[in-house]
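Here is my note on the model you sent round. Please read it with the coordinates open.

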Amino acid sequence: MPELFSRKRKDQKRSAEENKQKTARLSVISNITLVLMKLSVGFAVGSLAIISEALHSGIDLLAAVIAYISVKKAGEPPDEIHRFGHGKFEDMSGFFEALLIFAGAVLIMFEAVMRLIHGTSTLNEDLLGIGIIVMGISAVINFYVSGRLMKVAKESESIALESDAWHLRTDVYTSVGIMVGLVLIKLTGILILDQLFAFGVAVIIMHAAYELTVRSFGTLTDRRLSDEEENRIKEILSSHATDFANFHALRTRRSGADRFIDLHLVVAKDTTVKEAHDLSDHLESDILLEFPRTSITIHIEPCSGTCGDCTSLCRERTTQVK
């Protein structure tokens, strides 16, 4: 039975990795298409807002490539050098993506401010309609791809894919915003709106970069799992409280989509090695049902407390032995 369970877990993990890589490739292809589309139209129209969106998509493209490489690398099994797997590659990709987003946002802000100061505009008002259509197409494509990425990211708990999904979701908002801005320019003739909307895009981009930096950096520094996840782990352990005396020294961390848990389990003094081993296997199986990609280490300790203070059923067995 344990072998069958282990084989099933491996098959599920392999299937999840293949789905992650397939979805990451979709993001790369869609971003290449949008970058080429936005750049060509942006320069034709002379709109800084559209060019800034092209730069945003270019950063998204680089982020998507990094996400694809990291997802592929993170899916590799542990080896002689990386004994705990390659999950950190996903976290590293999120951190690098955030740095790229910051850099892109700064460039957009700089160009927008320079054009506002010097009062320069190269807008071709006759081609604004094409720019509006391209922004609408971009919003629709990114909405679909980001939804697909987010769905797979939640299923596989991939921070790399989730980061990529948020990038594209941000692109949806900025594309719609720029589309509205271009419509207003066409209706009012106020060309300065182009620079203002470009600056607004940069602010949104920087906010997304900040949140991504905080999340990815936290995982890189081995921050513990969330309170919700740790409390759930404690609930699973406590549901078997009659089988052991106590547990303590619970430690958790995350590496990409993989979780790591270790704890000390206190059992009755007369518990045999086999009984302790079987109990550990049972606890691990229950945790793995809810958190599949988890490595669990349980250290067994003999109980040295007063049996009268313990609610475990092992107290009754210890009393009978006495």
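The points below go from the whole chain to single helices, a helix pair and the charged contacts.

1. **Basis.** This is a predicted model, in which local features need pLDDT of at least 70 and side-chain atom pairs count only at pLDDT 80 or more, while totals for chains, interfaces and linings use all residues. Residues are numbered from 1 along each chain as its sequence is written, and side-chain values use heavy atoms, with hydrogens and water left out.

2. **Overall make-up.** The protein has 9 helices and 3 strands. Helices (H or I, at least four residues) and strands (E, at least two) are DSSP runs, numbered from the N terminus. The order from the N terminus is α-α-α-α-α-α-α-β-β-α-β-α.

3. **Burial and surface.** Of the 322 residues, 43% count as buried. Buried means under 20% relative accessible area, exposed over 50%, and partly exposed in between (1.4 Å probe, protein chains only). The exposed surface comes to about 16,600 Å², from the Shrake-Rupley method with a 1.4 Å probe, where for residues only the protein chains shown count as cover. Carbon and sulfur atoms supply 64% of that surface.

4. **Contacts.** Take the contacts with a separation of 6 or more: 76% of them link residues 24 or more positions apart. Contact here means heavy atoms within 4.5 Å.

5. **Helix H4.** H4 covers residues 128-156, which is 29 residues. The expected span is 1.5 Å times one less than the number of residues. For H4 that gives 42 Å, and the end C-alpha atoms are 41 Å apart, which agrees. Glu157 follows H4 with a positive phi, near 55°.

6. **Helix H5.** H5 runs over residues 159-188. Its 30 residues should span 44 Å, and its end C-alpha atoms lie 43 Å apart, in agreement. Gly189 comes after H5, and its phi is positive, near 80°. Val176 belongs to H5. Val176 is partly exposed, at 34% relative accessibility. Val176 and Gly136 are 40 residues apart in sequence, yet 6.7 Å apart in space, C-alpha to C-alpha.

7. **Helix H8.** H8 has 18 residues, for which 26 Å is expected; the end C-alpha atoms are 27 Å apart, which agrees. Its buried residues are Ala276, Leu279, Ser280, Leu283, Ile287 and Leu288.

8. **H7 against H8.** Two packed helices are described by the angle between their axes and the distance between the axes. H7 and H8 pack at about 140°, with their axes 10 Å apart. Axes are lines fitted to C-alpha atoms, for helices over the stretch in contact, and angles run from 0 to 180 degrees between N-to-C directions. The crossing is right-handed. A crossing is left-handed if the near helix is turned anticlockwise from the far one by less than a right angle, and right-handed if clockwise. From H7, Arg232, Ile233, Ile236 and Leu237 meet Leu283, Asp286, Ile287 and Glu290 of H8. Leu283 and Ile287 are among the buried residues of H8.

9. **Salt bridges within helices.** How many salt bridges does the structure hold? There are 8, each a side-chain nitrogen of Lys or Arg within 4 Å of a carboxyl oxygen of Asp or Glu. In H7 (residues 227-238), Arg232 and Glu235 are 3 residues apart, so about one helical turn separates them. Their side chains bridge at 2.9 Å, N to O. Arg232 is partly exposed at 30%, as is Glu235 at 48%. In H8 (residues 273-290), Asp278 and Lys274 are 4 residues apart, again about one helical turn. Their bridge is 2.8 Å, N to O. Asp278 is partly exposed at 36%, whereas Lys274 is exposed at 58%.

10. **A salt-bridge network.** Arg224, Asp227 and Glu230 are joined into one network by salt bridges that share partners. Glu230 and Arg224 meet at 3.3 Å, N to O. Glu230 is buried, at 10% relative accessibility, while Arg224 is partly exposed at 45%.

11. **A backbone point to look at.** Ala249 has a positive phi, near 55°, in a residue other than glycine. Ala249 sits in strand S1 (residues 246-255). Its relative accessible area is 39%, so Ala249 counts as partly exposed.
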